[in-house]
Amino acid sequence: MTLDFQGRTVAISGAAIGFGRTIATQFAAAGARVFGCDILDPPADLPPGIEIARVDLLDRAAGAAWIAAVEARAGGAVDILVCNAGGVAGQASKPLEEVSDADWDRVVDINLNAAFTLCRAAAPAMKRAGGGAIVTVTSGAALQASLTGVQAYCAAKHAMLGLTRQLAHELGPHGIRVNSVAPGFVRTNPATERQWAAYGPERQRQLVEGIALKRLGTADEIAKAVLFFASDLASFVTGQVLSVDGGK
Ligand SMILES: NC(=O)c1ccc[n+]([C@@H]2O[C@H](COP(=O)([O-])OP(=O)(O)OC[C@H]3O[C@@H](n4cnc5c(N)ncnc54)[C@H](O)[C@@H]3O)[C@@H](O)[C@H]2O)c1
């Protein structure tokens, strides 16, 4: 089955690389007009139908201004908002007493606070339009301890899931659905390559052995779950989290 997003405006945070880029590519292939933002420069080889703006979501005003700019370019509401930007900001596991305020704040800012900012900015026009869909990209770390060992990452992803569930109830009466995709570990970018290499062969083997399907997933498989939640196939689904992790 092919999903059709013709005429839909999609806004995706963190769209330059990794899951965000793949999600953008799948929405564009399904006919959507796709706007992304990222702290990184847009890649030169983006497929047609995708525009990426340089935005640092640590700056909440810049995040809100990006949503306003997308609405102005699209001539109306964002129909589908994907809060994908996040990650561990280059941090690795360290003892709690060694985590600085700046380390903690940065991870909470790019995951939880960025999602809050973008939802808050996009919701008014969605309400006026009478509907919309928001998908947050959380993690297995939203449901249990994180493989990364980064305390702020686990806490922020749990909180993003709380935001998802709360907004589903607040925005449901306006026809706006809010759901979350919780990916398992996927090798998507230099940071996850470093994480994978740091595990070493024995822990890599154990990680794959602990997955029911006995393999790591792909960015394509994560993106498909996002498109499902955004589509009419999920028209009566809200406040839910879908683990896309090969079965834990
Ligand atoms: N790859 C995995 O194994 C995995 C597993 C579970 C969840 N996730 C989550 O999926 C999402 C995408 O992860 P990924 O692995 O594809 O890439 P990633 O974690 O490297 O980063 C996501 C994107 O967010 C962007 N970003 C970071 N800080 C930003 C800022 N201040 N302003 C704007 N954009 C910013 C990055 O440039 C990148 O494009 C993240 O939220 C991540 O936490 C990833």
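**Stop 1: the aromatic cluster**

Select F185, W196 and Y199, which together form one aromatic cluster. The model is predicted, and every value in this tour is computed from it. The structure holds five aromatic pairs. For W196 and Y199, the ring centres are 6.4 Å apart and the planes stand at 80°, so this pair is edge-to-face; the angle has to be over 60 degrees for that label. A pair of aromatic rings is described by the distance of the centres and the angle of the planes, and a viewer can show both.

Now colour helix α5, residues 190-209. W196 and Y199 both lie in this helix, three residues apart, about one turn. Are these two residues buried or exposed? W196 has 11% relative accessibility and counts as buried. Y199 also counts as buried, at 11%. The cut-off for buried is under 20% relative accessible area.

**Stop 2: A198, in the same helix**

Stay on α5 and select A198, which is placed in that helix. A198 has a relative accessible area of 66% and is therefore exposed, the limit for exposed being over 50%. Next, add G184 to the selection and draw a line between the two C-alpha atoms. A198 and G184 are 14 residues apart in sequence, and the line spans 17 Å.

**Stop 3: the largest nonpolar core**

Select W66, I67, L81 and I134. In the largest nonpolar core, which has 37 residues, these four touch the most other members. Which elements give two or more residues to this core? They are β2 (33-38), α2 (60-74), β4 (80-83), α3 (101-129), α4 (151-171) and β6 (176-183). Among these, α3 gives the most, with eleven residues. In soluble globular proteins, nonpolar side chains tend to be buried together.

Centre the view on L81 and show what surrounds it. Leaving aside neighbours within four places in sequence, L81 is in contact with A11, I67, L118, C119, A122, M126, A133, I134 and V135. A second core, separate from this one, has 30 residues. Its members include A30, A32, V181 and A225, so select those four to find it.

**Stop 4: helix α1**

Colour residues 18-29, which make up helix α1. Two residues in it are worth selecting, T22 and A28.

Take T22 first. T22 is buried, with a relative accessible area of 18%. Not counting residues up to four places away in sequence, T22 touches A219, D220 and A223. The helix α6 covers residues 219-230, and it can be coloured alongside α1 for this view.

Then move to A28. This residue has a relative accessible area of 15% and is buried. Which residues is A28 in contact with, leaving aside its neighbours within four places in sequence? The contacts are V34, P48, G49 and I50. To finish here, select T9, which is 19 residues from A28 along the chain. The C-alpha atoms of A28 and T9 are separated by 9.9 Å.

**Stop 5: three loop residues**

Go to the loop between β4 and α3 and select A89. Its phi is near 55°, a positive value in a residue other than glycine. A89 is partly exposed, with a relative accessible area of 32%.

Continue to the loop between α5 and α6, where K214 is found. K214 is not a glycine, yet its phi is positive, at about 60°. With 42% relative accessibility, K214 counts as partly exposed.

The last of these stops is A145, in the loop between β5 (132-137) and α4. A145 counts as exposed, at 65% relative accessibility. Add A155 and draw the C-alpha to C-alpha line: A145 and A155 are ten residues apart in sequence and 9.0 Å apart in space.

**Stop 6: the cavity**

How many cavities of 30 Å³ or more are there? The count comes to one. The largest cavity has a volume of about 40 Å³. To find it, select its lining: Q91, A92, K94, V99, D103, V150, Q151 and A152. What kinds of residue make up this lining? The lining divides into four nonpolar, two polar and two charged residues. Colouring the selection by residue type shows this division.

How values were computed. Residues numbered from 1 in each chain as written. Predicted model: local features only at pLDDT ≥ 70, side-chain atom pairs only at ≥ 80, totals over all residues. Heavy atoms only, no water. 1 Å grid on protein atoms, 1.4 Å probe; cavity = no way out; pocket = protein on both sides within 12 Å on 5 of 7 lines; lining within 4 Å. Points joined across faces, edges and corners; volume = space filled by probe spheres on them. Nonpolar A, V, L, I, M, F, W, Y, C, P; charged D, E, K, R; others polar. Phe/Tyr/Trp six-rings, centres within 6.5 Å; stacked < 30°, edge-to-face > 60°. Helix = DSSP H or I, 4+ residues; strand = E, 2+ residues; numbered from the N terminus. Buried < 20%, exposed > 50% of the residue type's maximum accessible area, 1.4 Å probe, protein only. Core = buried A, V, L, I, M, F, W, Y, C linked by side-chain atoms within 4.5 Å. Contact = heavy atoms within 4.5 Å.
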